[in-house]
Amino acid sequence: MTTKVVPGLLIATPEPAQVAREAANRMAKAMREAIRDRGEVHIAISGGSSPNPAYELLAKEPFDWNKVHVYWVDERAVPPDHERSNYRSAKAAFLDRAPIPAANVHRMKGEATDLDAAAAEYESFLREGVRQKIGGLPALDLVVLGIGDDGHTASLFPGEPTVHVTDKLACAVPAKGDREARLTITGPVLENARASVVIVIGKAKHPALERVWLTNGTLDETPARIIRGFRGAITWVIDKAAGGMG
């Protein structure tokens with residue numbers, strides 16, 4: 001017999017459009033609380049199609065956008081105007097719609113010829129830019145994540161050592177097969193976030209989501225299980241299909 005435990009708050013809605021509204025509301029709540037309590041907010045966002053409708057709604061919120069700082073969870077090794085770029089995706093859905101100062105937008109340099117150096121530079125951005133620390137490490141106010149069909153999150157992939165990295169806050173991920181090389185922030189930063197919103201849409205994601213929620217399992221098989229160890233508030237926003245309900 002297998003046992004499932006959902007770590008954190010689960011919000012299941014019938015349709016992706018409702019997922020977007022719920023996710024945007026949860027993101028906005030975490031951001032408002034950070035601005036109220038700490039005077040600014042530092043968020044790390046993911047690319048892909050699932051969070052974009054939520055970002056579009058979030059951009060309509062009446063924040064003091066001068067107090068919002070944006071980082072990336074991961075990036076593909078492509079230029080920022082490439083169709084596969086997480087930066088480009090988020091720019092169209094979010095940054096072009098919200099008046100965030102350019103100096104507050106901290107993208108990963110996926111186009112760098114030396115990705116290890118780009119990762120080290122991003123670690124410096126995190127250490128210097130995110131002034132609030134917990135346990136000596138940057139404490140992002142919010143991270144936005146998804147889960148891949150294979151059980152990955154961020155650019156932490158099954159069977160690869162990146163999910164076990166603890167001595168770096170960002171690292172390069174080598175190309176493999178048809179997958180291009182990437183940059184990703186690592187477990188120590190993700191686990192230290194004050195709040196996270198995990199968006200999961202579609203029937204194809206259901207098996208991976210089930211593996212994340214099982215009480216038994218490994219990070220090597222399902223790196224998204226790292227979310228179970230997050231210290232801050234975790235909110236899962238899923239549709240019926242991802243939850244196996246239709």
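Biologist: Tyrosine 55 and phenylalanine 94: buried or exposed?

Modeller: Both are buried in this predicted model. The label requires a relative accessible area under 20%.

Biologist: How many aromatic pairs does a search of the whole structure find?

Modeller: Seven.

Biologist: Why is the pair of tyrosine 55 and phenylalanine 94 called stacked?

Modeller: Two values decide. The ring centres are 5.8 Å apart, and the limit for a pair is 6.5 Å. The planes meet at 25°, and stacking needs under 30 degrees. Therefore the pair counts as stacked.

Biologist: What makes you say that this pair links distant parts of the chain?

Modeller: The two residues are 39 apart in sequence. Tyrosine 55 belongs to helix α2, residues 52-58. Phenylalanine 94 belongs to helix α3, residues 86-95.

Biologist: And why is the pair of tryptophan 72 and tyrosine 87 tilted?

Modeller: The centres are 5.5 Å apart, with the planes at 50°. Stacked is under 30 degrees and edge-to-face is over 60, so 50° falls to the remaining class, tilted.

Biologist: Which parts does that pair tie together?

Modeller: Strand β3, residues 68-72, holds tryptophan 72, and helix α3 holds tyrosine 87. These parts are 15 residues apart in sequence.

Biologist: How do you know whether tryptophan 72 is buried or exposed?

Modeller: Its relative accessible area is 0%. The cut-off for buried is under 20%, so tryptophan 72 is buried. Tyrosine 87, at 16%, also meets the cut-off and is buried.

Biologist: Which charged end sits over the ring of tyrosine 87?

Modeller: That of arginine 107, 5.8 Å from the ring centre. The distance limit is 6 Å, and the charge must also lie within 35 degrees of the ring normal. There is another such case: arginine 179 lies over the face of phenylalanine 157, at 4.0 Å from the ring centre.

Biologist: Which residues do ring pairs link into a cluster?

Modeller: Tyr55, Phe63, Trp65 and Phe94.

Biologist: Which residues touch the most other members of the largest nonpolar core?

Modeller: Met27, Phe94 and Ile185, out of 74 residues in that core. Helix α1, residues 16-38, gives the largest share, ten residues.

Biologist: What is phenylalanine 94 in contact with, leaving aside its neighbours within four places in sequence?

Modeller: Ile43, Ile45, Tyr55, Leu58, Ala59, Trp65, Val70 and Ile100. Each of these has heavy atoms within 4.5 Å of phenylalanine 94.

Biologist: Turn to the sheet. In what order do its seven strands run?

Modeller: The order is β1-β12-β11-β8-β2-β3-β5, the sheet is open and the pairing is parallel.

Biologist: What makes β1 and β5 edge strands?

Modeller: Each pairs on one side only. Strand β1 covers 9-13, and β5 covers 105-106.

Biologist: How do you know that β2 and β3 pair?

Modeller: Pairing takes at least two bridges. Strand β2, residues 41-45, shares five bridges with β3, in the parallel sense. Within β3, valine 70 is the bridge partner of isoleucine 43, and valine 68 stands opposite valine 41.

Biologist: Why is β3 called mostly covered?

Modeller: Five of its five residues are buried. Val68, Val70 and Trp72 point one way, while His69 and Tyr71 point the other. In a regular strand the side chains alternate between the two faces of the sheet.

Biologist: Why does tyrosine 71 count as buried?

Modeller: Its relative accessibility is 1%, against a limit of under 20%, so the label holds. Its contacts beyond four places in sequence include Tyr122, Phe125 and Leu140.

Biologist: What is glycine 146 called, given its relative accessible area?

Modeller: The value is 26%, which lies between the 20% and 50% cut-offs, so glycine 146 is partly exposed. It lies in strand β8, residues 142-146. Beyond four places in sequence, glycine 146 touches Ser46, His152, Thr153 and Ile199.

Biologist: What is the phi of alanine 154?

Modeller: It is positive, about 50°, although the residue is not a glycine. Alanine 154 sits in the loop between β8 and β9. At 8% relative accessible area, alanine 154 is under the 20% limit and so is buried.

Key: Residues numbered from 1 in each chain as written. Predicted model: local features only at pLDDT ≥ 70, side-chain atom pairs only at ≥ 80, totals over all residues. Heavy atoms only, no water. Phe/Tyr/Trp six-rings, centres within 6.5 Å; stacked < 30°, edge-to-face > 60°. Helix = DSSP H or I, 4+ residues; strand = E, 2+ residues; numbered from the N terminus. Buried < 20%, exposed > 50% of the residue type's maximum accessible area, 1.4 Å probe, protein only. Core = buried A, V, L, I, M, F, W, Y, C linked by side-chain atoms within 4.5 Å.
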